[in-house]
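Please open the model in your viewer and keep the selection tool at hand, since this tour moves from one selection to the next.

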Amino acid sequence: MSGNGLAALRRLIVDRYDAIKHQVARRLGGASDLAGDALHDAYLRLSVRDDLDAVRHPQSYLVNTAVHVAIDRIRQDVRLLSESEVSEFFDVADASPGPGDVVQSRSDLTRMFQVLDALTPRQRDILLAARVEGLSRSDLAKRWGISVRLVGRELQTAHEHCVRAMTPTEE
C-alpha cells in the first residue's frame, strides 16, 4: 500500500465492505455472519500493524486475514466435552417400551381390531377410508351410493362405538 497503509485499508473496507464480506463468506462456505465478524476482527488485527505500506494487494491481504481469523475462531469454539458431560450421555433413560408396555400395546391392538370387527361393513369401511386413507365424505358417498349426510352419520356412529368400546371401564 502506498502512503499510509492503515488509511488505505480503512478506505478499502468502507468502499468495498459488502464485496469483501461476500468474498470471505464464499471462502468460508457461505457463513455470512462469521464472515462479517471475521472481517471486523481482521481489521482490528491489522490496525495495530505498522508494516501495511508494503502490502501490494490490499483486498486479497484483507480477505486472507479475515479467513484466517475465522478459522482461528472456529478452532477456539471447538472444545472437548468434560467427563461429566460425557457421562450425561450414558445416563439417558431408555425410551423404548418395556415388556409390560409391549404386552399392553398388543392387547390394545387386538381389542381395537375386535371393536372394528363389531362395526357394520359400511361403517368400518367409511371409518377407515375417512381416517386412514383420507377420503372425503363426498367420495365415500359415491363409493357407497348414499348421501353425504348419511356418510356423516355412519362416521359419527362408528366413532361413538369405538370410543365406548375402547374406554376403560372402572371395576
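**Charged pairs between helices**

Begin by selecting Arg-73 and Asp-37, whose side chains meet in a salt bridge (3.4 Å, N to O), a term that requires a side-chain nitrogen of Lys or Arg within 4 Å of a carboxyl oxygen of Asp or Glu. Arg-73 lies in helix H3 (residues 58–77) and Asp-37 in helix H2 (residues 32–47), so the pair ties together parts that are 36 residues apart in sequence; helices here are DSSP runs (H or I, at least four residues), numbered from the N terminus. This is a predicted model, in which local features need pLDDT of at least 70 and side-chain atom pairs count only at pLDDT 80 or more, while totals for chains, interfaces and linings use all residues. Residues are numbered from 1 along each chain as its sequence is written, and side-chain values use heavy atoms, with hydrogens and water left out.

Add Asp-41 to the selection: Arg-73 forms a salt bridge with Asp-41 as well, the closest N and O atoms being 2.4 Å apart.

Next, select Asp-125 and Arg-143, which form a salt bridge with their closest N and O atoms 2.9 Å apart. Asp-125 belongs to helix H6 (residues 121–131) and Arg-143 to helix H7 (residues 137–144), so this pair links parts 18 residues apart in sequence.

**Two crossing helices**

Finally, show helix H5 (residues 99–117) with helix H8 (residues 148–166), where the axes come within 10 Å and cross at roughly 140 degrees. H5 and H8 are therefore oblique to each other, that is, outside the ranges under 35 (roughly parallel), over 145 (roughly antiparallel) and 65 to 115 degrees (roughly perpendicular).

Definitions and conventions
Axes fitted to C-alpha atoms, helices over the stretch in contact; angles between N-to-C directions.
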